[in-house]
Amino acid sequence: MSAAARLASRGRPVSRPNPAVGCILVKDEVVVGRGWTLEGGRPHAEAVALEQAGDTACGATAYVTLEPCAHRSDRGPACSDLLVEAGVARVVIGLEDPDPRTAGSGAERLKSTGIAVDVLASQDAEDSLEGYLTRARCGRPHITLKLALSLDGRIAMEDGSSQWITGEEARAHVHSRRAMSDAIVVGGATWRHDKPRLDVRLEGLEQRSPDRVLLTRGVPPDGVKVINDPAQVASFEGVQYLYVEGGAGAAASFLAADLVDRLEIYRAPILIGKGKPALGDIGLTSLGDAHGRWALAENRQLGSDFFTAYRRTRQ
């Protein structure tokens, strides 16, 4: 299931409006097929894996991160029907699909034909589907906030200059994170001062540049969407993954609204001293309220910089 979840990431975010799903077919301890949701949402991961496996899919076990769909569509057959027709012996499902058109009926369709079905409630599968699930559960995109900081928590010099706090490896990683997002948000001050391109500049991934969004009350620039309240991101049709990249005002606004699901911090081994702080007021009134909100999700070294990601914990 972990391998299927990693495969699913290849479909993010180009699979929209569908979720990025991964599927692996195993027979006699050999992988005979694998797939992920392709651009535009079709074909689904199961269809890709079954086509690759051909006749060897008969009697195989399918590991799929999300419950196979049960509803027929003009765009393609239901994956539960495809698995039945292929003669798979067992289907291991990472998560039940919250879409009411499937929501348990995909698994029941498989069981009704004698296929063994296991639903794992896999954390790996859930992590790979966080955009789709946040949309389904909260009615908004999954939101990641990125901060590039000095050791003393500054995002820029006192005059606002911030290029560059982090090194090349960290900046390349940021571009990979942009490529995994449907839309990217910056604040008006950052737009005016830094004039950021907000695109993806990694070879082969240039076409993955996300939609650009500006948090401001000013006049929108050409080709850039504008919001004047973080809550308005819920209206972005088809956006499952939103990346908030700066600056301090925009970051504080999303945190104050408790809309940040993942916090990604790039910390450079430098001291700035009197510079621009990373955040403004985020609405906390007591130190006790600051605790218990964030859980470590990932950390790694990127050249001389250190990357740490935290997941928002909500009850």
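This briefing walks you through some features of the structure shown above. Keep in mind that you are looking at a predicted model. We will visit an annotated domain, two nonpolar cores, one helix, one loop residue and a cavity.

**The annotated domain**
- UniProt, in an unreviewed entry, lists residues 1–118 as "domain: CMP/dCMP-type deaminase".
- Over residues 1–118, helix makes up 26% of the chain and strand 24%.
- The C-alpha atoms at the two ends of this stretch lie 12 Å apart.

**The nonpolar cores**
- As background, nonpolar side chains in soluble globular proteins tend to be buried together.
- The largest nonpolar core here has 26 residues, and L145, L242 and F254 touch the most other members.
- Two or more residues of this core come from each of β6 (142–149), β7 (154–157), β8 (183–187), β9, β11 (241–246), α9 (248–256) and β12 (262–267).
- Helix α9 gives the most to this core, with 5 residues.
- Try finding L242: leaving aside neighbours within four places in sequence, its contacts include P141, H142, I143 and T144, and also A183, I184 and V185.
- V233, F236 and F254 are further contacts of L242.
- There is also a second, separate core of 25 residues, and among its members are V32, A45, L50 and I115.

**Helix α7**
- Helix α7 covers residues 168–179, which is 12 residues.
- From first C-alpha to last, α7 reaches 17 Å, close to the 16 Å expected at 1.5 Å a residue.
- Which residues of α7 are buried? They are A170, H173, V174, H175, R177, R178 and A179.
- The cover over these buried residues includes the strands β6, β8, β11 and β12, as well as β14 (294–302) and β15 (305–312).

**A loop residue, T216**
- T216 sits in the loop between β9 (211–215) and β10 (225–227).
- Is T216 buried or exposed? T216 counts as buried because its relative accessibility is 13%, and buried means under 20%.
- Beyond neighbours within four places in sequence, T216 is in contact with G188, R192, V226, I227 and N228.

**The cavity**
- How many cavities of 30 Å³ or more does the structure hold? It holds 1.
- The largest cavity has a volume of about 40 Å³.
- Its lining includes R12, P13, S15, R16, N18 and A20, together with D182, Q240 and Y241.

Conventions:
Residues numbered from 1 in each chain as written. Predicted model: local features only at pLDDT ≥ 70, side-chain atom pairs only at ≥ 80, totals over all residues. Heavy atoms only, no water. UniProt positions renumbered as here; feature names shortened; annotations may be inferred. Helix = DSSP H or I, 4+ residues; strand = E, 2+ residues; numbered from the N terminus. Buried < 20%, exposed > 50% of the residue type's maximum accessible area, 1.4 Å probe, protein only. Contact = heavy atoms within 4.5 Å. Core = buried A, V, L, I, M, F, W, Y, C linked by side-chain atoms within 4.5 Å. Expected span 1.5 Å × (residues − 1). 1 Å grid on protein atoms, 1.4 Å probe; cavity = no way out; pocket = protein on both sides within 12 Å on 5 of 7 lines; lining within 4 Å. Points joined across faces, edges and corners; volume = space filled by probe spheres on them.
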